[in-house]
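Biologist: I am new to this structure and would like to go through it with you, one question at a time. Could we begin by putting it on the screen?

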Amino acid sequence: MLEKIKAVLEEIEAFDAKTLEEAEAFRVRMLAKKGLISALFNDFKTVDPAHRKAIGQQLNELKQTATEKIRTIKSRLEAEAGQGAEDKKQPDMSMPAVFDPVGSRHPLSIIRNKINTIFEKIGFVVSEGPEIEDDWHNFSALNFPEDHPARDMQDTFFVEKNPDIALRTHTSSVQVRVMETQKPPIRTISPGRVFRNEAISARAHCIFHQVEGLYIDEGVSFADMKQCLLYFAREMFGAGTEIRLRPSFFPFTEPSAEMDVSCSICGGPGCTVCKYSGWIEVLGCGMVDPNVLDNCHIDSRKYTGFAFGMGIERIAMIIYQIKDLRMFFENDLRFLRQFTSAM
Ligand code: PHE
């Protein structure tokens, strides 16, 4: 019996495994129900009672040694396998990159940025103001008479039935704020969202965007305005563009005009975009009414100025030849993905 124990012990001490499978096979060989050590425990039942104590102790030690050895080998092999898996997690630096698709700017933002840049080049600075305005900044300071139809519920969205607070109907309101707080010379453009209670169609929307401009200094003339707007038209629509000014009316300018540009699509003879006239209307303009300057505490005997305002949607429709204004607000990706810009 003792010799058998010694032989098994030697085998255990000599054992080593290269794989977990080998270690497991060894455990089965030693410790499973039909294993060597279990067999020795069976034999133990027949041992002479006089030797039982000593042999029993040896057997227990043998079992412990085997269990301990297999456990050590297994945990060593498992650690090595785990290390291998860690190595595999290292990123593969040679793999080709996967690029995320880059979004594009909204066409209205592209056109707004372009308009801003054109005027910034000749010294205009961008000013912004609130979309919810009071009557003074949107109408009264701008010389709108009390009974002007633009103040009517039909045109203006009022906030909570308060006739003094409304969504601005143009960004001229921002320019009143500039005139009230700054001294001439003033050269500013105000891009922004405006609101008018109009039925939505291919040509009109109740929300749209404007860029309005204002230039006030000593001796500013109608000729200055014309030159400034000619520069804008050529930067925006191409070097060969001509402009034409037609008399018009706005409460805040006198005289007032509407500006057409020569049709950049057909170049003159007529097409569907210019409705066969060769001209496309793009903005309203005029010399700032002296009443407006006085309302904003600018001395109208010393200073003169011009103002202009245009709809960004309208300019974008001309540039991109878009026939339905509603497309700008639908956020259809098939539409939006067609526009790219660097700015
Ligand atoms: N505020 C005018 C509009 O919204 C545009 C405009 C601005 C006209 C400045 C003349 C001068 O239609």
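**Salt bridges and packing**

Modeller: Arginine 301 and aspartate 299 form a salt bridge, with their closest N and O atoms 3.4 Å apart; the term stands for a side-chain nitrogen of Lys or Arg within 4 Å of a carboxyl oxygen of Asp or Glu. The model is predicted, so local features need pLDDT of at least 70 and side-chain atom pairs count only at pLDDT 80 or more, while totals for chains, interfaces and linings use all residues. Residues are numbered from 1 along each chain as its sequence is written, and side-chain values use heavy atoms, leaving out hydrogens and water.

Biologist: Is arginine 301 buried or exposed?

Modeller: Buried means under 20% relative accessible area, exposed over 50%, and partly exposed in between, using a 1.4 Å probe and protein chains only. Its partner aspartate 299 is partly exposed at 32%. Arginine 301 has a relative accessibility of 77%, and therefore counts as exposed.

Biologist: Which parts does the salt bridge between glutamate 133 and arginine 177 tie together?

Modeller: The two side chains meet with N to O at 2.7 Å. Glutamate 133 is buried at 2% relative accessibility, whereas arginine 177 is partly exposed at 29%. Helices (H or I, at least four residues) and strands (E, at least two) are DSSP runs numbered from the N terminus, and the pair, 44 residues apart in sequence, ties together strand β2 (residues 132–134) and helix α7 (residues 172–181).

Biologist: Which residues are joined into one network by salt bridges that share partners?

Modeller: One salt bridge to look at is that of arginine 246 with glutamate 281, at 3.6 Å from N to O. Arginine 246 lies in strand β7 (residues 243–250) and glutamate 281 in strand β9 (residues 279–288), so this pair ties together parts 35 residues apart in sequence. Through shared partners, the network joins Arg244, Arg246, Asp260 and Glu281.

Biologist: Which element gives the most to the largest nonpolar core?

Modeller: A nonpolar core is a set of buried Ala, Val, Leu, Ile, Met, Phe, Trp, Tyr and Cys residues joined through side-chain atoms within 4.5 Å. The largest one has 44 residues, of which Ile115, Phe119, Leu283, Phe308 and Met310 touch the most other members. Among the elements giving two or more residues are α5 (107–120), α8 (222–237) and β10 (304–311). The most, eight residues, comes from α8.
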